[in-house]
Amino acid sequence: MDQIRNVSEQTEDVLEKVSRPLKPYIPWVARTLLVSTFIEDAVRIVVQWQNQLYFLQAYRGFPWGISHFFLFANVVTMLACSGLAISRRYTEHAVAGLFAVIVLQGFAYGLIFDLKFFIRNLSVIGGLLMLLAESLLARRRNVFAGLPSISDEDKSKYVLLGGRILLVLLFVSFVFSGEFTLTRMIVSIVGGMSCLMVAVGFKAKYSAIVLVTILSVFNLMVNNWWSIDFNPTHRDFVKYDFFQTLSIMGGFLLLVNVGPGGFSVDEKKKNF
């Protein structure tokens, strides 16, 4: 146990030294990655406008005009809320708008009962909760000394707990999908342990860095949509998965920035 503790402390020291120059940029990068799937989705709707209209009207039964309004409202909401999230303005409204887009698109496109879609979007919602928690903590720090601010702190604890649990669902689905090989087994064990540590809030920041690293490699190797030319439909699905994974990585980076919150082992250890 002493050897494990020493190795853990040395690893944390190395990660701290490597990440120190990057710390000022992590929040901006995290928020940009988090909303990347919404920006990509908005651009795709505009580029494939006629195809989107045809699908909604022919296969989902949307009346003419309602389908136009639905797509237009989605594009405007995703672009506006993404801009607000990146610029840290009206973050609560941005999170609410992007959450509404996830839910409405799930029902509109008939994907709400697709397990893969459902798990991935729960993880994206976990990232949005991290963004909301960051806003709550920043607002609390900006309150003048002496003014009541306990409510924001209490809310951030619950929001961070929910965000941590939802974020790791993507990796859980990754573990149980695809061909099982030795490499996949090793990655699954390391990633699974990191997911558990993130969920309980033990060494959460360093575990989140491990998961970001694994997801980065996985995303480039598996979701390489730029190499698919023979099947545009398949290319769109892989591209969608690529940007959703980027968004979830952004959620983990926000966890690195704000910490696991009050309901975590890391926070409880400070009291002893």
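Mentor: A nonpolar core is a set of buried Ala, Val, Leu, Ile, Met, Phe, Trp, Tyr and Cys residues joined through side-chain atoms within 4.5 Å. Buried means under 20% relative accessible area, exposed over 50%, partly exposed in between (1.4 Å probe, protein chains only). This is a predicted model, where local features need pLDDT of at least 70, side-chain atom pairs need 80 or more, and totals for chains, interfaces and linings use all residues. Residues are numbered from 1 along each chain, and side-chain values use heavy atoms, without hydrogens or water.

Trainee: Which helix gives the largest share of the largest nonpolar core?

Mentor: That core has 61 residues, and Phe 38, Phe 70, Leu 71, Leu 128, Leu 215, Ile 248 and Phe 252 have the most contacts inside it. Helices are DSSP runs (H or I, at least four residues), numbered from the N terminus. The largest share, 12 residues, comes from residues 232–258, which form helix H11.

Trainee: How many residues of H11 are buried?

Mentor: H11 has 27 residues and reaches 39 Å from first C-alpha to last, close to the 39 Å expected (1.5 Å times one less than its number of residues). H11 is largely enclosed by the rest of the structure, because its buried residues number 19.

Trainee: Which residues does Ile 248 contact, leaving aside neighbours within four places in sequence?

Mentor: Ile 248 is among the core residues with the most contacts inside the core. Contact means heavy atoms within 4.5 Å. Beyond its sequence neighbours, Ile 248 touches Arg 120, Ser 123, Val 124, Leu 167, Leu 170 and Leu 215.

Trainee: What phi does Gly 259 take?

Mentor: H11 runs over residues 232–258. Gly 259 sits just after H11, and its phi is positive, at about 90°.

Definitions and conventions: Helix = DSSP H or I, 4+ residues; strand = E, 2+ residues; numbered from the N terminus.
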